[in-house]
Amino acid sequence: MTATLAPPVRIGKAAVGALGMLAVATGALESVVTPTLPLLQRELDMSPGEGALLSVMLLITGALVTPVAGKFGDRYGGKRVLIRLMAVVCAGGLASALAPNLPVLLLGQVLQGAMVGALPLSFILVRKHLPAGESKVAIGVVSGLFVGGGMAGTLAAGPVAEGLSRHWMFALPTIAVIGATMLVNRLMPHDQPGRSDDIGVDWPGLVLLSGTLVTLMLVLALAPDIGSQPLVLGALIVVLAAFVTGWVAVERRAASPMVDLRMLARPAIWKSCVLTFVICVGTAVAVYLVPQLFAVPADEYGFGAGATEIGFFLLPGAVAASLAGPIGGIGARRFGSRAVVTTGIVIMAAALIALAAVHTEAWHLVIGKMMIALANGLCVTAMVTGTATSVDQGDTGIATSLVLVTRVIGFAVGSQVSGAILTAGTPSGSDVPAESAFVTGFVIAGAVTALSLLVARTMNKGVKE
(Lines give C-alpha, C1' and ligand atoms only; values in the text may rest on other atoms or scores of the structure.)
Protein backbone atom coordinates (compact mmCIF):
# COMPACT_ATOMS: atom_id res chain seq x y z
CA MET A 1 0.00 0.00 0.00
CA THR A 2 2.82 2.39 0.86
CA ALA A 3 4.51 1.75 -2.47
CA THR A 4 1.24 2.58 -4.29
CA LEU A 5 0.76 5.88 -2.46
CA ALA A 6 4.39 6.93 -2.68
CA PRO A 7 6.00 5.56 -5.85
CA PRO A 8 9.79 5.70 -6.12
CA VAL A 9 11.28 8.90 -7.50
CA ARG A 10 12.35 8.49 -11.10
CA ILE A 11 16.06 9.05 -11.60
CA GLY A 12 17.72 10.77 -14.53
CA LYS A 13 20.84 10.10 -16.58
CA ALA A 14 23.02 11.93 -14.05
CA ALA A 15 22.19 9.45 -11.28
CA VAL A 16 22.76 6.47 -13.57
CA GLY A 17 26.00 8.11 -14.68
CA ALA A 18 27.11 8.41 -11.04
CA LEU A 19 26.47 4.69 -10.55
CA GLY A 20 28.45 4.06 -13.72
CA MET A 21 31.38 6.12 -12.44
CA LEU A 22 31.26 4.15 -9.21
CA ALA A 23 31.34 0.91 -11.22
CA VAL A 24 34.39 2.08 -13.19
CA ALA A 25 36.23 3.13 -10.03
CA THR A 26 35.49 -0.07 -8.10
CA GLY A 27 36.33 -2.22 -11.12
CA ALA A 28 39.71 -0.48 -11.37
CA LEU A 29 40.42 -0.83 -7.64
CA GLU A 30 39.49 -4.52 -7.73
CA SER A 31 41.86 -5.36 -10.58
CA VAL A 32 45.15 -3.70 -9.58
CA VAL A 33 46.64 -6.63 -7.63
CA THR A 34 46.74 -9.32 -10.33
CA PRO A 35 49.15 -7.64 -12.82
CA THR A 36 51.35 -6.25 -10.02
CA LEU A 37 51.48 -9.30 -7.75
CA PRO A 38 55.13 -10.15 -8.62
CA LEU A 39 56.08 -6.53 -7.84
CA LEU A 40 54.21 -6.63 -4.51
CA GLN A 41 55.87 -9.91 -3.61
CA ARG A 42 59.31 -8.39 -4.21
CA GLU A 43 58.66 -5.15 -2.35
CA LEU A 44 56.97 -6.78 0.66
CA ASP A 45 59.21 -9.88 0.68
CA MET A 46 56.28 -12.27 0.29
CA SER A 47 56.52 -15.97 -0.43
CA PRO A 48 54.46 -17.36 -3.34
CA GLY A 49 52.00 -18.78 -0.81
CA GLU A 50 51.54 -15.37 0.82
CA GLY A 51 51.10 -13.80 -2.60
CA ALA A 52 48.36 -16.30 -3.39
CA LEU A 53 46.65 -15.44 -0.10
CA LEU A 54 46.75 -11.74 -0.98
CA SER A 55 45.24 -12.41 -4.41
CA VAL A 56 42.10 -14.08 -3.02
CA MET A 57 41.28 -12.14 0.16
CA LEU A 58 39.12 -9.60 -1.65
CA LEU A 59 37.18 -12.35 -3.41
CA ILE A 60 36.51 -14.25 -0.17
CA THR A 61 35.21 -11.15 1.60
CA GLY A 62 33.04 -10.32 -1.37
CA ALA A 63 31.35 -13.71 -1.37
CA LEU A 64 30.54 -13.35 2.32
CA VAL A 65 29.38 -9.72 2.14
CA THR A 66 27.18 -9.93 -0.96
CA PRO A 67 24.23 -11.94 0.45
CA VAL A 68 24.27 -9.85 3.64
CA ALA A 69 24.33 -6.60 1.66
CA GLY A 70 21.36 -7.78 -0.41
CA LYS A 71 19.30 -8.52 2.69
CA PHE A 72 20.23 -5.23 4.31
CA GLY A 73 19.42 -3.39 1.08
CA ASP A 74 15.94 -4.88 1.06
CA ARG A 75 15.43 -4.11 4.74
CA TYR A 76 16.94 -0.61 5.12
CA GLY A 77 17.04 0.72 1.56
CA GLY A 78 19.57 0.19 -1.23
CA LYS A 79 21.11 3.67 -1.19
CA ARG A 80 21.65 3.71 2.56
CA VAL A 81 23.45 0.35 2.51
CA LEU A 82 25.43 1.17 -0.64
CA ILE A 83 26.88 4.37 0.80
CA ARG A 84 27.92 2.63 4.02
CA LEU A 85 29.38 -0.26 2.07
CA MET A 86 31.45 2.11 -0.04
CA ALA A 87 32.72 3.81 3.12
CA VAL A 88 34.17 0.44 4.12
CA VAL A 89 35.67 0.02 0.64
CA CYS A 90 37.27 3.47 0.79
CA ALA A 91 38.77 2.65 4.20
CA GLY A 92 40.16 -0.55 2.71
CA GLY A 93 41.60 1.27 -0.29
CA LEU A 94 43.33 3.81 1.95
CA ALA A 95 44.68 1.02 4.17
CA SER A 96 46.08 -0.74 1.09
CA ALA A 97 47.57 2.52 -0.18
CA LEU A 98 49.31 3.28 3.12
CA ALA A 99 50.22 -0.34 3.98
CA PRO A 100 53.83 -0.64 5.17
CA ASN A 101 53.70 -4.43 5.31
CA LEU A 102 51.74 -7.51 4.30
CA PRO A 103 49.36 -7.74 7.31
CA VAL A 104 48.08 -4.19 6.76
CA LEU A 105 47.76 -4.81 3.02
CA LEU A 106 45.76 -7.99 3.74
CA LEU A 107 43.47 -5.98 6.03
CA GLY A 108 42.97 -3.44 3.27
CA GLN A 109 42.03 -6.17 0.81
CA VAL A 110 39.56 -7.66 3.30
CA LEU A 111 37.82 -4.29 3.63
CA GLN A 112 37.92 -3.67 -0.13
CA GLY A 113 36.08 -6.96 -0.64
CA ALA A 114 32.89 -5.18 0.40
CA MET A 115 32.85 -3.67 -3.11
CA VAL A 116 31.54 -6.96 -4.53
CA GLY A 117 28.21 -6.24 -2.85
CA ALA A 118 28.02 -2.78 -4.44
CA LEU A 119 27.09 -3.95 -7.93
CA PRO A 120 23.93 -5.89 -6.89
CA LEU A 121 22.88 -2.90 -4.74
CA SER A 122 23.30 -0.64 -7.77
CA PHE A 123 21.01 -2.94 -9.72
CA ILE A 124 18.42 -2.80 -6.93
CA LEU A 125 18.44 1.00 -7.06
CA VAL A 126 18.14 1.10 -10.85
CA ARG A 127 15.20 -1.32 -10.82
CA LYS A 128 13.42 0.68 -8.11
CA HIS A 129 13.76 4.04 -9.83
CA LEU A 130 13.36 3.20 -13.53
CA PRO A 131 10.75 1.38 -15.66
CA ALA A 132 11.53 -2.20 -16.62
CA GLY A 133 12.80 -1.44 -20.13
CA GLU A 134 15.04 1.44 -19.08
CA SER A 135 16.33 -0.44 -16.04
CA LYS A 136 17.61 -3.29 -18.24
CA VAL A 137 19.57 -0.81 -20.34
CA ALA A 138 20.94 0.93 -17.23
CA ILE A 139 21.97 -2.38 -15.64
CA GLY A 140 23.77 -3.33 -18.84
CA VAL A 141 25.59 0.01 -18.90
CA VAL A 142 26.67 -0.24 -15.25
CA SER A 143 27.82 -3.86 -15.72
CA GLY A 144 29.78 -2.95 -18.82
CA LEU A 145 31.44 -0.01 -17.08
CA PHE A 146 32.49 -2.28 -14.20
CA VAL A 147 34.21 -4.60 -16.70
CA GLY A 148 35.73 -1.59 -18.43
CA GLY A 149 37.03 -0.30 -15.11
CA GLY A 150 38.63 -3.67 -14.47
CA MET A 151 40.43 -3.51 -17.81
CA ALA A 152 41.57 0.05 -17.11
CA GLY A 153 42.90 -1.03 -13.71
CA THR A 154 44.75 -3.96 -15.26
CA LEU A 155 46.47 -1.64 -17.75
CA ALA A 156 47.12 1.31 -15.45
CA ALA A 157 48.27 -0.52 -12.31
CA GLY A 158 51.70 -1.40 -13.71
CA PRO A 159 52.66 2.07 -15.02
CA VAL A 160 51.44 3.73 -11.81
CA ALA A 161 53.24 1.26 -9.54
CA GLU A 162 56.49 1.50 -11.51
CA GLY A 163 56.30 5.24 -12.29
CA LEU A 164 55.08 6.44 -8.89
CA SER A 165 54.80 3.65 -6.30
CA ARG A 166 52.63 0.73 -5.25
CA HIS A 167 50.95 3.10 -2.80
CA TRP A 168 49.55 5.29 -5.59
CA MET A 169 48.36 2.18 -7.42
CA PHE A 170 45.74 1.81 -4.67
CA ALA A 171 45.36 5.50 -3.82
CA LEU A 172 44.28 6.78 -7.25
CA PRO A 173 41.30 4.42 -7.77
CA THR A 174 40.36 4.88 -4.10
CA ILE A 175 40.16 8.64 -4.64
CA ALA A 176 37.94 7.95 -7.66
CA VAL A 177 35.71 5.69 -5.52
CA ILE A 178 35.39 8.43 -2.90
CA GLY A 179 34.38 10.99 -5.53
CA ALA A 180 31.89 8.65 -7.22
CA THR A 181 30.36 7.71 -3.87
CA MET A 182 29.81 11.37 -3.04
CA LEU A 183 28.10 11.86 -6.41
CA VAL A 184 25.83 8.85 -5.87
CA ASN A 185 24.94 10.14 -2.41
CA ARG A 186 24.03 13.53 -3.87
CA LEU A 187 22.21 12.47 -7.06
CA MET A 188 20.50 9.20 -6.11
CA PRO A 189 17.20 9.60 -4.21
CA HIS A 190 16.54 7.48 -1.15
CA ASP A 191 14.53 4.33 -1.80
CA GLN A 192 11.86 2.95 0.49
CA PRO A 193 13.02 0.26 2.94
CA GLY A 194 11.46 -3.15 2.49
CA ARG A 195 9.74 -5.34 5.03
CA SER A 196 11.54 -5.71 8.34
CA ASP A 197 9.65 -8.79 9.54
CA ASP A 198 11.88 -11.33 7.81
CA ILE A 199 13.95 -13.88 9.69
CA GLY A 200 17.18 -11.95 9.25
CA VAL A 201 20.81 -12.69 8.54
CA ASP A 202 22.39 -16.00 9.50
CA TRP A 203 25.18 -14.40 11.54
CA PRO A 204 26.49 -17.63 13.14
CA GLY A 205 26.68 -19.27 9.71
CA LEU A 206 28.45 -16.23 8.26
CA VAL A 207 31.04 -16.14 11.05
CA LEU A 208 31.72 -19.89 10.85
CA LEU A 209 31.99 -19.85 7.05
CA SER A 210 34.41 -16.90 7.30
CA GLY A 211 36.54 -18.83 9.78
CA THR A 212 36.43 -21.92 7.57
CA LEU A 213 37.62 -20.08 4.45
CA VAL A 214 40.38 -18.13 6.20
CA THR A 215 41.67 -21.21 8.04
CA LEU A 216 41.61 -23.23 4.81
CA MET A 217 43.73 -20.57 3.10
CA LEU A 218 46.23 -20.60 5.98
CA VAL A 219 46.48 -24.40 5.85
CA LEU A 220 47.22 -24.33 2.12
CA ALA A 221 49.70 -21.46 2.52
CA LEU A 222 51.64 -23.31 5.25
CA ALA A 223 51.51 -26.75 3.60
CA PRO A 224 54.94 -26.39 1.88
CA ASP A 225 56.54 -25.67 5.29
CA ILE A 226 55.09 -28.72 7.02
CA GLY A 227 58.57 -29.98 7.84
CA SER A 228 59.56 -26.83 9.74
CA GLN A 229 56.30 -26.19 11.60
CA PRO A 230 54.22 -29.38 11.74
CA LEU A 231 52.56 -28.47 15.05
CA VAL A 232 51.21 -25.17 13.69
CA LEU A 233 49.88 -26.85 10.59
CA GLY A 234 48.33 -29.66 12.64
CA ALA A 235 46.64 -27.17 14.96
CA LEU A 236 45.21 -25.28 11.99
CA ILE A 237 43.82 -28.50 10.53
CA VAL A 238 42.07 -29.22 13.83
CA VAL A 239 40.66 -25.68 13.88
CA LEU A 240 39.52 -26.08 10.26
CA ALA A 241 37.72 -29.33 11.10
CA ALA A 242 36.02 -27.63 14.05
CA PHE A 243 34.88 -24.70 11.90
CA VAL A 244 33.50 -27.03 9.21
CA THR A 245 31.67 -29.20 11.75
CA GLY A 246 30.20 -26.18 13.50
CA TRP A 247 29.16 -24.53 10.25
CA VAL A 248 27.40 -27.67 8.97
CA ALA A 249 25.55 -28.07 12.28
CA VAL A 250 24.45 -24.41 12.31
CA GLU A 251 23.34 -24.37 8.66
CA ARG A 252 21.27 -27.53 9.10
CA ARG A 253 19.36 -25.96 11.99
CA ALA A 254 19.11 -22.34 10.85
CA ALA A 255 15.66 -21.06 9.89
CA SER A 256 17.18 -18.95 7.11
CA PRO A 257 20.65 -20.44 6.42
CA MET A 258 23.29 -18.58 4.47
CA VAL A 259 23.91 -21.79 2.49
CA ASP A 260 21.04 -24.29 2.32
CA LEU A 261 22.81 -27.65 2.65
CA ARG A 262 19.57 -29.54 2.02
CA MET A 263 19.39 -28.07 -1.46
CA LEU A 264 23.03 -29.08 -1.99
CA ALA A 265 21.87 -32.71 -1.83
CA ARG A 266 19.95 -32.32 -5.09
CA PRO A 267 21.88 -33.92 -8.00
CA ALA A 268 21.53 -30.88 -10.28
CA ILE A 269 22.93 -28.60 -7.58
CA TRP A 270 25.83 -30.67 -6.29
CA LYS A 271 26.95 -31.50 -9.83
CA SER A 272 26.95 -27.79 -10.68
CA CYS A 273 28.92 -27.05 -7.52
CA VAL A 274 31.49 -29.77 -8.21
CA LEU A 275 32.00 -28.56 -11.77
CA THR A 276 32.17 -24.91 -10.71
CA PHE A 277 34.79 -25.75 -8.07
CA VAL A 278 36.99 -27.71 -10.48
CA ILE A 279 36.70 -25.15 -13.28
CA CYS A 280 37.55 -22.28 -10.94
CA VAL A 281 40.53 -24.18 -9.54
CA GLY A 282 41.88 -24.52 -13.09
CA THR A 283 41.23 -20.87 -13.82
CA ALA A 284 42.87 -19.74 -10.59
CA VAL A 285 46.02 -21.70 -11.40
CA ALA A 286 46.38 -19.77 -14.65
CA VAL A 287 45.44 -16.44 -13.04
CA TYR A 288 48.21 -16.91 -10.47
CA LEU A 289 50.94 -18.76 -12.39
CA VAL A 290 50.93 -16.84 -15.69
CA PRO A 291 51.91 -13.43 -14.21
CA GLN A 292 54.54 -15.16 -12.06
CA LEU A 293 56.00 -16.84 -15.16
CA PHE A 294 56.06 -13.52 -17.02
CA ALA A 295 58.02 -12.01 -14.13
CA VAL A 296 60.72 -14.72 -14.00
CA PRO A 297 64.05 -13.16 -15.10
CA ALA A 298 64.87 -13.50 -18.79
CA ASP A 299 68.27 -15.02 -18.01
CA GLU A 300 66.49 -17.94 -16.32
CA TYR A 301 63.55 -19.29 -18.35
CA GLY A 302 61.06 -16.42 -18.12
CA PHE A 303 60.59 -13.02 -19.72
CA GLY A 304 61.64 -10.50 -17.07
CA ALA A 305 58.40 -8.59 -17.57
CA GLY A 306 57.57 -5.68 -15.31
CA ALA A 307 54.15 -4.82 -13.96
CA THR A 308 53.33 -2.62 -16.98
CA GLU A 309 54.15 -5.35 -19.49
CA ILE A 310 52.26 -7.95 -17.46
CA GLY A 311 49.16 -5.74 -17.54
CA PHE A 312 49.28 -5.56 -21.34
CA PHE A 313 49.86 -9.30 -21.60
CA LEU A 314 46.80 -9.99 -19.42
CA LEU A 315 44.48 -7.61 -21.29
CA PRO A 316 43.39 -10.12 -24.01
CA GLY A 317 42.31 -12.50 -21.26
CA ALA A 318 40.21 -9.76 -19.64
CA VAL A 319 38.55 -9.03 -22.99
CA ALA A 320 37.84 -12.73 -23.54
CA ALA A 321 36.32 -13.01 -20.06
CA SER A 322 34.00 -10.06 -20.74
CA LEU A 323 32.80 -11.63 -24.01
CA ALA A 324 32.38 -15.11 -22.54
CA GLY A 325 29.33 -14.23 -20.44
CA PRO A 326 27.04 -13.26 -23.33
CA ILE A 327 28.39 -16.08 -25.52
CA GLY A 328 27.83 -18.61 -22.74
CA GLY A 329 24.27 -17.38 -22.15
CA ILE A 330 23.39 -17.62 -25.85
CA GLY A 331 25.01 -21.06 -26.10
CA ALA A 332 23.18 -22.38 -23.04
CA ARG A 333 19.86 -21.23 -24.46
CA ARG A 334 20.49 -22.74 -27.89
CA PHE A 335 22.44 -25.91 -27.16
CA GLY A 336 21.85 -26.53 -23.45
CA SER A 337 24.09 -26.06 -20.42
CA ARG A 338 25.79 -29.43 -20.74
CA ALA A 339 27.10 -28.69 -24.24
CA VAL A 340 28.49 -25.31 -23.21
CA VAL A 341 30.11 -26.68 -20.03
CA THR A 342 31.65 -29.61 -21.90
CA THR A 343 33.08 -27.26 -24.53
CA GLY A 344 34.50 -24.98 -21.87
CA ILE A 345 36.10 -27.88 -19.97
CA VAL A 346 37.76 -29.21 -23.14
CA ILE A 347 39.11 -25.75 -24.02
CA MET A 348 40.43 -25.15 -20.51
CA ALA A 349 42.05 -28.57 -20.09
CA ALA A 350 43.72 -28.30 -23.50
CA ALA A 351 45.00 -24.79 -22.75
CA LEU A 352 46.44 -25.80 -19.35
CA ILE A 353 48.20 -28.85 -20.77
CA ALA A 354 49.49 -26.74 -23.68
CA LEU A 355 50.93 -24.19 -21.24
CA ALA A 356 52.70 -26.98 -19.38
CA ALA A 357 54.26 -28.23 -22.61
CA VAL A 358 54.97 -24.93 -24.39
CA HIS A 359 55.69 -21.63 -22.60
CA THR A 360 58.87 -20.37 -24.20
CA GLU A 361 57.32 -17.34 -25.94
CA ALA A 362 55.19 -14.59 -24.44
CA TRP A 363 52.41 -15.19 -26.95
CA HIS A 364 52.11 -18.79 -25.71
CA LEU A 365 51.09 -17.47 -22.30
CA VAL A 366 48.87 -14.72 -23.72
CA ILE A 367 46.89 -17.14 -25.89
CA GLY A 368 46.73 -19.79 -23.17
CA LYS A 369 45.49 -17.32 -20.55
CA MET A 370 42.96 -15.91 -23.03
CA MET A 371 41.53 -19.37 -23.81
CA ILE A 372 41.31 -20.24 -20.11
CA ALA A 373 39.47 -16.97 -19.35
CA LEU A 374 37.06 -17.65 -22.21
CA ALA A 375 36.46 -21.22 -21.04
CA ASN A 376 35.85 -20.11 -17.46
CA GLY A 377 33.32 -17.51 -18.55
CA LEU A 378 31.48 -20.02 -20.73
CA CYS A 379 31.32 -22.62 -17.98
CA VAL A 380 30.33 -20.35 -15.09
CA THR A 381 27.62 -18.61 -17.13
CA ALA A 382 26.17 -21.94 -18.25
CA MET A 383 26.43 -23.27 -14.69
CA VAL A 384 24.53 -20.35 -13.19
CA THR A 385 21.93 -20.50 -15.98
CA GLY A 386 21.47 -24.25 -15.59
CA THR A 387 21.28 -24.04 -11.81
CA ALA A 388 18.79 -21.16 -11.83
CA THR A 389 16.49 -22.98 -14.25
CA SER A 390 16.70 -26.38 -12.54
CA VAL A 391 14.94 -25.24 -9.35
CA ASP A 392 11.66 -23.54 -8.52
CA GLN A 393 11.62 -19.78 -8.97
CA GLY A 394 11.51 -19.20 -5.21
CA ASP A 395 14.71 -21.22 -4.75
CA THR A 396 16.73 -19.42 -7.42
CA GLY A 397 18.60 -17.15 -5.02
CA ILE A 398 19.54 -20.00 -2.67
CA ALA A 399 20.70 -22.26 -5.49
CA THR A 400 22.81 -19.63 -7.23
CA SER A 401 24.36 -18.60 -3.89
CA LEU A 402 25.66 -22.16 -3.54
CA VAL A 403 27.39 -21.82 -6.91
CA LEU A 404 28.79 -18.42 -5.85
CA VAL A 405 30.30 -19.78 -2.63
CA THR A 406 31.72 -22.79 -4.50
CA ARG A 407 33.23 -20.45 -7.11
CA VAL A 408 35.04 -18.48 -4.42
CA ILE A 409 36.34 -21.62 -2.72
CA GLY A 410 37.56 -22.95 -6.08
CA PHE A 411 39.46 -19.75 -6.86
CA ALA A 412 40.90 -19.61 -3.36
CA VAL A 413 42.03 -23.24 -3.35
CA GLY A 414 43.50 -22.99 -6.87
CA SER A 415 45.48 -19.87 -5.98
CA GLN A 416 46.77 -21.26 -2.72
CA VAL A 417 47.72 -24.61 -4.26
CA SER A 418 49.60 -22.75 -7.01
CA GLY A 419 51.43 -20.67 -4.42
CA ALA A 420 52.26 -23.79 -2.42
CA ILE A 421 53.65 -25.53 -5.51
CA LEU A 422 55.89 -22.56 -6.32
CA THR A 423 57.03 -22.29 -2.70
CA ALA A 424 57.90 -25.99 -2.59
CA GLY A 425 59.62 -25.71 -5.98
CA THR A 426 61.88 -22.79 -5.03
CA PRO A 427 65.47 -23.96 -4.34
CA SER A 428 67.00 -22.95 -1.03
CA GLY A 429 68.70 -19.55 -1.26
CA SER A 430 66.91 -18.61 -4.48
CA ASP A 431 63.92 -16.35 -5.16
CA VAL A 432 63.11 -18.02 -8.48
CA PRO A 433 61.01 -21.21 -8.52
CA ALA A 434 62.22 -24.07 -10.68
CA GLU A 435 60.59 -24.25 -14.10
CA SER A 436 59.29 -27.70 -13.21
CA ALA A 437 57.08 -26.11 -10.51
CA PHE A 438 55.14 -24.20 -13.17
CA VAL A 439 54.87 -27.32 -15.31
CA THR A 440 53.59 -29.30 -12.34
CA GLY A 441 50.95 -26.68 -11.55
CA PHE A 442 49.63 -26.53 -15.11
CA VAL A 443 49.60 -30.33 -15.48
CA ILE A 444 47.74 -30.91 -12.22
CA ALA A 445 45.16 -28.25 -13.07
CA GLY A 446 44.72 -29.61 -16.59
CA ALA A 447 44.32 -33.20 -15.40
CA VAL A 448 41.78 -32.30 -12.70
CA THR A 449 39.84 -30.16 -15.18
CA ALA A 450 39.75 -33.00 -17.71
CA LEU A 451 38.45 -35.42 -15.07
CA SER A 452 35.47 -33.13 -14.49
CA LEU A 453 34.15 -34.30 -17.88
CA LEU A 454 32.99 -37.42 -16.03
CA VAL A 455 30.60 -35.24 -14.02
CA ALA A 456 29.63 -33.06 -16.98
CA ARG A 457 28.43 -36.15 -18.88
CA THR A 458 25.75 -36.75 -16.25
CA MET A 459 24.29 -33.24 -16.42
CA ASN A 460 20.85 -32.69 -17.89
CA LYS A 461 21.22 -32.01 -21.59
CA GLY A 462 18.96 -28.98 -21.79
CA VAL A 463 17.85 -26.07 -19.70
CA LYS A 464 14.54 -26.17 -17.94
CA GLU A 465 12.35 -23.31 -19.14
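Helices of at least four residues and strands of at least two are taken here as DSSP runs, numbered from the N terminus. Counted in that way, the protein chain of this predicted model holds 19 helices and zero strands. The chain has 465 residues, and buried residues make up 51% of them. Among contacts with a separation of 6 or more, 80% join residues that stand 24 or more positions apart along the chain. The points below begin with the chain as a whole and then turn to a pocket, a salt bridge, an unusual backbone angle and four residues with distant partners.

**The chain's surface**

- The protein chain exposes about 20,200 Å², and carbon and sulfur atoms supply 68% of that area.

**The second largest pocket**

- The second largest pocket encloses about 480 Å³ of space, and of the 19 residues that line this pocket, Gln41, Arg42, Met46, Asp431 and Val432 are the closest to its centre.
- Helix 3, which spans 33-43, and helix 13, which spans 267-295, each give at least two residues to the lining of the second largest pocket, and the largest share, three residues, comes from helix 3.
- Sorted by class, the lining of the second largest pocket consists of eleven nonpolar residues, five polar residues and three charged residues.

**The salt bridge of helix 3**

- The count of salt bridges comes to one, and the pair in question is glutamate 43 with arginine 166, whose closest N and O atoms are 3.2 Å apart.
- Because glutamate 43 lies in helix 3 and arginine 166 lies in helix 9 (residues 166-187), the pair ties together parts of the chain that are 123 residues apart in sequence.
- The two partners are placed in contrasting surroundings, since glutamate 43 is partly exposed, with a relative accessible area of 46%, whereas arginine 166 is buried, with a relative accessible area of 8%.

**The loop after helix 3**

- Aspartate 45 sits in the loop that runs between helix 3 and helix 4 (48-76), and its phi is near 55°, a positive value in a residue other than glycine.
- As background to that angle, most residues other than glycine have a negative phi.
- Aspartate 45 has a relative accessible area of 68%, and it is therefore classed as exposed, the cut-off for that class being over 50%.

**Partners of the helix 3 region: alanine 161 and glycine 311**

- Alanine 161 belongs to helix 8 (residues 132-163), and with 6% relative accessibility it counts as buried.
- Although alanine 161 and threonine 36 are 125 residues apart in sequence, their C-alpha atoms are 7.8 Å apart in space.
- When residues up to four places away in sequence are not counted, alanine 161 touches Thr36, Leu39, Arg166 and Met169, and Arg166 in that list is the residue that forms the salt bridge with glutamate 43.
- Glycine 311 is found in helix 14 (residues 307-335), where it has 0% relative accessibility and so counts as buried.
- The C-alpha atom of glycine 311 is separated by 8.4 Å from that of threonine 34, a residue 277 residues apart from it along the chain.
- Leaving out residues up to four places away in sequence, glycine 311 touches Pro35, Thr154 and Leu155.

**Helix 17: arginine 407 and valine 408**

- Arginine 407 is located in helix 17 (residues 396-424), and valine 408 lies in helix 17 as well.
- Arginine 407 is partly exposed, with a relative accessible area of 26%, whereas valine 408 is buried, with a relative accessible area of 1%.
- Arginine 407 and isoleucine 60 are 347 residues apart along the chain, and their C-alpha atoms are separated by 9.9 Å.
- Valine 408 and leucine 59 are 349 residues apart in sequence, while in space they are 6.6 Å apart, C-alpha to C-alpha.
- Without counting residues up to four places away in sequence, arginine 407 touches Leu59, Thr276, Cys280 and Val380.
- Valine 408, with its neighbours within four places in sequence left aside, is in contact with Leu59, Ile60 and Ala63.

Definitions and conventions:
Residues are numbered from 1 along each chain as its sequence is written. This is a predicted model: local features need pLDDT of at least 70, side-chain atom pairs count only at pLDDT 80 or more; totals for chains, interfaces and linings use all residues. Side-chain values use heavy atoms; hydrogens and water are left out. On a 1 Å grid over the protein atoms alone, a cavity is a set of points where a 1.4 Å probe fits but cannot get out, and a pocket is an open set with protein on both sides within 12 Å along at least five of seven lines; lining residues have an atom within 4 Å of a point. Grid points are joined across faces, edges and corners, and a volume is the space filled by probe spheres set on the points. Ala, Val, Leu, Ile, Met, Phe, Trp, Tyr, Cys and Pro count as nonpolar, Asp, Glu, Lys and Arg as charged, and the others, Gly among them, as polar. Buried means under 20% relative accessible area, exposed over 50%, partly exposed in between (1.4 Å probe, protein chains only). Contact means heavy atoms within 4.5 Å. Accessible areas come from the Shrake-Rupley method with a 1.4 Å probe; for residues, only the protein chains shown count as cover. A salt bridge is a side-chain nitrogen of Lys or Arg within 4 Å of a carboxyl oxygen of Asp or Glu.
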